[in-house]
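Visitor: Hello! I would like to take a close look at one part of this model, and then see what lies around it.

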Amino acid sequence: MVERLSIDRLESPEFLDTVYVILADASRRNALQYLLTHRDRVTVSRLAAEIAALERGIPSEDVTADQQFEAFLELQHVHLPILSESGVVEWDRVEENVTVTPILDLLSQALPDPTGLFDVSALSETVDYRRK
């Protein structure tokens, strides 16, 4: 279980723990990267195809149905619950779609490089700047 991210808890150890849990898995990092570049709601099926493609280094149209289904199951049972609980994505389980939340937009501004690791000091500066 992860803690829901909140800017007012930015300095807490739990905030950083949650960020590390989110970033600990390549599939979650790939999902967030895709969602940040596709601002509209994305179906879980489309997200699964994109993650399967990224993980295999192939175009999404070359992903097999089995590969997409495997990624879909992982998203449904592992990754989306964590991302949703943490508050970085909004996951509509009925409509089966996902979108980014404002907290992910804010956190993504603190990404120092393509490795996807958050620089918490840069995040603090961003938050302080916005409050002024």
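Which residues of helix 1 are buried?

Guide: Happy to show you, and please keep in mind that this is a predicted model. Look for Phe15, Thr18, Val19, Ile22 and Leu23: these are the buried residues of helix 1. Now imagine looking down the helix. These residues cover an arc of only 130° around the axis, so they sit on the same side of helix 1. On the other side of helix 1 you will find Pro13 and Tyr20, which are exposed.

Let's pick out Thr18, which belongs to helix 1, the stretch made of residues 13-23. Thr18 has a relative accessibility of 3%, and because buried means under 20%, Thr18 counts as buried. What does Thr18 touch? Setting aside residues up to four places away in sequence, Thr18 touches Val2, Glu3, Leu5 and Ser86.

Ser86 is a good stepping stone, as helix 4 covers residues 65-86. The axis of helix 4 comes within 10 Å of the axis of helix 2 (residues 26-37), and the two cross at roughly 70°. Helix 2 and helix 4 are therefore roughly perpendicular to each other. On the helix 2 side, the contact is made by Ser27, Arg28, Ala31 and Leu32. Helix 4 brings Glu74, Val78, His79, Ile82 and Leu83. Sorted by kind, the residues of this contact are five nonpolar, two polar and two charged.

Try zooming in on Glu74, in helix 4. With a relative accessibility of 33%, Glu74 counts as partly exposed. Apart from its neighbours within four places in sequence, Glu74 is in contact with Ser27 and His79. Glu74 and Ser27 are 47 residues apart along the chain, yet their C-alpha atoms are separated by 8.8 Å.

Our last stop is a pair of strands. Strand 2 (residues 89-92) and strand 3 (residues 97-100) pair in the antiparallel sense, over four bridges. In one of these pairings, Glu90 has Thr99 of strand 3 as its bridge partner. The two strands form a hairpin with four residues between them, and in the turn Glu96 has a positive phi of about 55°. Just as we saw two sides on helix 1, you can look for two faces here: strand 2 has a covered face, with Val89 and Trp91, and an uncovered one, with Glu90 and Asp92.

How values were computed
Residues are numbered from 1 along each chain as its sequence is written. This is a predicted model: local features need pLDDT of at least 70, side-chain atom pairs count only at pLDDT 80 or more; totals for chains, interfaces and linings use all residues. Side-chain values use heavy atoms; hydrogens and water are left out. Axes are lines fitted to C-alpha atoms, for helices over the stretch in contact, and angles run from 0 to 180 degrees between N-to-C directions. Angles under 35 degrees count as roughly parallel, over 145 as roughly antiparallel, 65 to 115 as roughly perpendicular and the rest as oblique. Contact means heavy atoms within 4.5 Å. Ala, Val, Leu, Ile, Met, Phe, Trp, Tyr, Cys and Pro count as nonpolar, Asp, Glu, Lys and Arg as charged, and the others, Gly among them, as polar. Buried means under 20% relative accessible area, exposed over 50%, partly exposed in between (1.4 Å probe, protein chains only). Two strands pair if DSSP finds at least two bridges between them. The arc is that of the directions from the helix axis to the C-beta atoms.
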